[in-house]
Amino acid sequence: MSARRLTSGRRNTELGLLLLAGVLTGGAYVLASLGRSASLPANLMPLLLVILGLLAAAHVAARRLAPEADPLLLPLAGLLNGVGYVFVARLQPDLAGPQSLWTAMGVGAFVGTLVFVRRSRDLERYRYTFALVGLGLLLMPLLPVLGQEINGSRLWVRLGVVNFQPGELAKIVLCVFFASYIVEKQPLLSAGTRRIAGMWVPEVKYLGPIMLAWVFSLVIMFWERDLGSSLLFFALFITMLWVATDRTVYLILGGAMFTAGSLLAFRVFDHVQTRVDTWLNPWPVADSGGYQIIQAAFAFAAGGFAGTNLSQGSPQRIPAVATDFTFAAIGEELGLLGTAAVLVAFLLLVGSGLRIAMRADSAFEKLLATGLTAILGIQSFIILGGVTRLIPLTGITLPFVSYGGSSLISNYILLALLLRISHDQSARAAAEAVAQDQTRMAAA
Amino acid sequence: MNRQIRVFGIVMIVLFSALFVQLNYLQVFGAEKLNNHPVNSRAVVRDFSRPRGAVQTSDGVLIAESVDTDNAFKRLRRYPEAELFAHLTGFFSFTYGADGVERTYNDALTGRESQELSIDRLGELLLEKDQTADVTLTVSKALQEIATRELGDRKGAVVALDPRNGAILAMVDYPTYDPNILAGHDQEKVREAWGALNDDPDRPLLPRSYRERYFPGSSFKVVTAATALDTGTASVTAPVYPNLTQLPLPQSTEPLRNFGGGSCGGPLPEALRVSCNTSFAQLGLDLGAEKLSAGASAFGFNKVPPIDLPFGVASVFPDASAFRNDKPALAKSAIGQQDVAATPLQMALVAAGIANGGVVMTPHVMGEVRNAQAEVIGKYQPKPWVQAVPADVARATKDMMVGVVAAGSGTRAQIPGVQVAGKTGTAQTGNDTSHTWFVAFAPADAPRVAVAVMLENQPSGNEFTGGALAAPIAKTVMEAVLATP
């Protein structure tokens, strides 16, 4: 009985929050199409309905397939997706159609993941398959013919007419592998240490995994020239390793190794040096290398506290605003209120993800949920920090918000996995509660 | 594991808090600084489709105006005289912001400055009455054309101003560009043109007259001479400098030679008349670094002239400490070489200061501002900028400069029936070319015009001196000013 009540309660909360997200998205869309200098053509209105319909479909799927999962995740993702869609459509109307198609595929992947992954523990069984698939995806852009170099980075794979960024998917697949691998080797990784000078230091032979992860992050950095993904990939591994073992030495070691790799990249690549110089002081190159980041700063400043309002700003002055710099457009037109709302949405996502991780029963589920959440949190921090010039800029996407298929599909899969873990835990808890009730009744 | 997960959560909160702090800086606390940054053209974009007043010359020729268009921009900025006034009007571009008068008088042109909000103006605001204002410059098209013609296709600058009030009468820079291209609505074309202009090795976008510094060469001797008189280091009669072909310099084995290897000397007026390097180098050593540096600063060196045009640069004369261990540098700086660099505007202001009894007036291009009803709502009020030297020193220096034109290196600036004061300059650049200069004012006793002419990188040789190349241009320009009532 209590299980059923819990179910409908959680999903009804989700429905209510989704409606709120829908109203906010729809309102923003209408605002953008009104105004004196409306930039949204009227024929894009049906596409908005498609987006809202898709979120409804995701909700129905959650009701059936993961009824007891956390109710916050989907509405938050929906809100970010919706706001992102409004900005993509407003900034580059010709991308509105493709973006709603990507959203459809993302929701499809979400439902598909819930259908195929009936129990999160099942994933643990295929760990080496995942390892192979993940590495394959990661290295795919390096293949001749298939691989495409765009904007100086080799991250793309050409499949027929669409370009795909396999790295986006690889990080999730590898996260699953890391989780099961680290959990399996956890006793070795944490017990195989000696205490030296007040710190647990692992024996050399147990440094293999971290060395391997480092080498792969270097491969991404040097051959695919993708600093952002390299940092994300390595930070993810180190975080998971530390969470599982509680050995500070891994953090220090990881930090040192990444610093060494970065310094090497700084020495070897002109474009890395340029990035760092531009980050430290973009003003001397305001017309060339610093143009984008300076125009973004001007956009944030123009937005001020409350923003210029939708369609009233001129964020088109920022190159690549629809893909890498959407956040600056939000800053200009929705102001600090809007950017703070986006930060809060991401923090709530991270918070929900970590809560799921803490409540999960098995070590594998805990670690997997932590890793998936870390992907979301670290990735959004890397790009938000880059756009606001808090850290050097690296071109990775803002989850759910930026334009792009690979990113949307991967993030919806990530979301579905978190929902699955959350559901499994709640369902088990509920089952236990029912069992206890029955035992008590039987006893009485 | 839960403890670590919690710690990770806290780390994420810290990272996102840092983002929030940075956003507060960008959007609230630092926003004003970013909004007003010179590179930021967003204000221009906002103003781009608004009504905008016109700019005209003192002789009533329209040089910048807005015309209505059918596209989203509503208005197109046009410059009917194209290249002729490019470095004065500047441009008003959607992509690249504004320069020149378009920048400094943006508020007046858009009507944001002239109209204080008051009750009786409220009606005008509601009726959307035209709030824009027109700016009339002190520059005349007639003189601008003459100076342009005289300069021809030689790289350089001509600055003419009224020494009594600082009003710029002509300001010509070559090469120049057509601002119409940058004001266009096709941003692709604008970008292309901007790229081409920036890549041009002749730098047509650069207003050489007030944004580029050159060795002033011997034209700087006016400053050295006036400073010597002011400090009492020399008078017009003493000392008498020995006739030399070269002056041995302390701390150096390389002596300083006269131009063309000639021999010269005599008292100060004689040394200035023939532009004697050995005498002036000795005078520089006699003066010492402290006095010479202070003297140059008194004429406005090391300060950006407060002209009403954007991004001007200061002319430089190093601080005395720079010469402590380098006497040869001091001697060479006294004759306008080595460490001295001046804009043509600054050298015109040196002449104007001598002409105006030692007081350098603030240079300006704006004459008056009129509202849409053609009523004058603002007139430029002349104000002094620096006191270079006392009046008696200015008078003595003027007499010496008269000698230069009457029977010295600047005879080609003579105007029949008018006494002209001037000084030549031929500054070696070190790559076998010279910047040739002439600074002058006339009439010597009641000056109405001061001029600086600078020709960049002219070939070396006696036929390419400031007296031969620059003086005739200055003469024609001054003659034209004096011919008008």
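Trainee: How many bridges join strand β18 of chain B to β19(B)?
Mentor: This is a predicted model. In it, β18 covers residues 433-442 of chain B. It runs antiparallel to β19(B), and the number of bridges joining them is nine.

Trainee: Which residue is the bridge partner of Phe438(B) in β19(B)?
Mentor: Stay with the β18(B) and β19(B) pair. These two strands form a hairpin, with six residues between them. Across the pair, Phe438(B) has as its partner in β19(B) Val453(B).

Trainee: Is β19(B) mostly covered or mostly open?
Mentor: Strand β19 of chain B spans residues 449-459. A residue counts as buried when 20 or more other C-beta atoms lie within 10 Å of its own. In β19(B), eight of the eleven residues are buried, so by that cut-off the strand is mostly covered.

Trainee: Which residue of β19(B) stands opposite Leu161(B)?
Mentor: Look at strand β7 of chain B, residues 156-161. It pairs with β19(B) in the antiparallel sense, over six bridges. Opposite Leu161(B) in β19(B) stands Ala450(B).

Trainee: In what order do the five strands of the open sheet in chain B come?
Mentor: β19(B) pairs with β7(B) and also with β18(B). β18(B) is joined to β17(B) by eight bridges, again antiparallel. The full order is β8-β7-β19-β18-β17.

Trainee: Which are the edge strands?
Mentor: An edge strand here pairs on one side only. One covers 168-174 and the other 421-428 of chain B. They are β8 and β17.

Trainee: Which residue in β18(B) is the bridge partner of Ala427(B)?
Mentor: Eight bridges join β17(B) to β18(B). In β18(B), Ala427(B) finds its partner in His435(B).

Trainee: Which helix packs on the sheet, touching β7 and β8 of chain B?
Mentor: It spans residues 141-151 of chain B. Its direction makes about 35 degrees with that of β8(B). The helix is α8.

Trainee: Now the contact between the chains. Which helix gives the most to the side of chain B that touches chain A?
Mentor: The contact takes 26 residues from chain B and 38 residues from chain A. On the chain B side, α1, α2 and α3 each supply at least two residues. The helix that gives the most, with 18 residues, is α1(B).

Trainee: How many residues on that side of chain B are charged?
Mentor: Sort them by type. There are 17 nonpolar and eight polar residues. The number of charged residues is one.

Notes
Residues are numbered from 1 along each chain as its sequence is written. Chains are lettered from A and ligands numbered from 1 in the order in which they are written. This is a predicted model: local features need pLDDT of at least 70, side-chain atom pairs count only at pLDDT 80 or more; totals for chains, interfaces and linings use all residues. A residue is buried if 20 or more other C-beta atoms lie within 10 Å of its own, exposed if 12 or fewer, and partly exposed in between; C-beta atoms are placed from the backbone. Helices (H or I, at least four residues) and strands (E, at least two) are DSSP runs, numbered from the N terminus. Two strands pair if DSSP finds at least two bridges between them. Two residues are in contact if their C-beta atoms, placed from the backbone, lie within 7 Å. Ala, Val, Leu, Ile, Met, Phe, Trp, Tyr, Cys and Pro count as nonpolar, Asp, Glu, Lys and Arg as charged, and the others, Gly among them, as polar. Axes are lines fitted to C-alpha atoms, for helices over the stretch in contact, and angles run from 0 to 180 degrees between N-to-C directions.
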